[in-house]
Amino acid sequence: YGNTDVTIQARQYLHLYWGDGLEDSIAFINPYPLNCNTNYYNFSYLSHFYSNYGNYLISINEPFYVNDIRNIYNSSIESLKLQKDVKLSQEIGLNSSPDFSYPQDCEWGCCNAFNPIAHDPDGDSLSYEFTPCLVTNYIFPAFSIDSTNGNFFIYPDTIGKYAIAIKINEWRFYGNGVHLIGSTIRQMLLDVNSILSIDEKN
């Protein structure tokens, strides 16, 4: 998601780092406006061959945040950092990242419950936790999360945009037990448009 007043349209790609010293360019596909201030971007698909087993951190680091996010100071000048931990080993075998059935942006009114609805194509078990957005001035909003099913609740005290990041861990049984085989950090933008206190609900 990017501001419409930022000249990102002049850039046709992002730099993606594979974690093994190599990088690629990933192209934008058909950005379209969500509202008068924000564009939504899709990206092309890439494939990569690793020369050996090991742990790799796939990452993107680009100036891409929208303005006026309440829990990121000067959000428009912060870089959006995306990361994916990949573990390659003979014991693990093939592995796919979780799929998400819910989009990354959300407009909230009085309801403060949400679930990203993650599904692992390989049948791996998933656990959930909040993690800081990878910026220099991040402030955690008031929140809680169920580590087993991904239900989370946020309790904002002010209308506005909030950025959160959920870390989804993949677990698989092999060898002599259950092992962490990868994790995905999903960053989301929540647009809170109304606040109801307990007194107002009553």
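Student: Leaving aside neighbours within four places in sequence, which residues is I72 in contact with?
Tutor: This is a predicted model, in which local features need pLDDT of at least 70 and side-chain atom pairs count only at pLDDT 80 or more, while totals for chains, interfaces and linings use all residues. Residues are numbered from 1 along each chain as its sequence is written, and side-chain values use heavy atoms, without hydrogens and water. Contact means heavy atoms within 4.5 Å. With that cut-off, the partners of I72 are Y65, E78, V135, N137, Y138 and A163.

Student: Which element gives the largest share of the largest nonpolar core?
Tutor: A nonpolar core is a set of buried Ala, Val, Leu, Ile, Met, Phe, Trp, Tyr and Cys residues joined through side-chain atoms within 4.5 Å; buried means under 20% relative accessible area, exposed over 50%, and partly exposed in between (1.4 Å probe, protein chains only). The largest core has 24 residues, and I72 and Y65 are among those with the most contacts inside it. Two or more residues each come from β11 (125–130), β13 (152–154), β14 and β15, these strands being DSSP runs of E with at least two residues, numbered from the N terminus. The largest share, five residues, comes from β14.

Student: How many residues does the second, separate core have?
Tutor: Its members include L14, L16, Y50 and I58. The size of this second core is nine residues.

Student: R172 is found in strand β14; which backbone oxygen does its side chain reach?
Tutor: R172 counts as buried because its relative accessibility is 15%. Its contacts beyond four places in sequence include L94, D122, D124 and H179, and I92 is also one of them. At 2.6 Å, the R172 side chain reaches the backbone oxygen of I92.

Student: Is N74, in the loop between β5 (54–63) and β6 (79–88), buried or partly exposed?
Tutor: N74 has a positive phi of about 55 degrees and is not a glycine. Its relative accessibility is 41%, so N74 counts as partly exposed.

Student: Where is I117 placed?
Tutor: I117 also has a positive phi, about 55 degrees, without being a glycine. Because its relative accessible area is 43%, I117 is partly exposed. Its place is in the loop between β9 (113–114) and β10 (118–119).

How values were computed:
Helices (H or I, at least four residues) and strands (E, at least two) are DSSP runs, numbered from the N terminus. A polar contact is a pair of N or O atoms within 3.5 Å; within protein, one must be able to donate a hydrogen and the other to accept it, and residues adjacent in sequence count only if both atoms are side-chain atoms.
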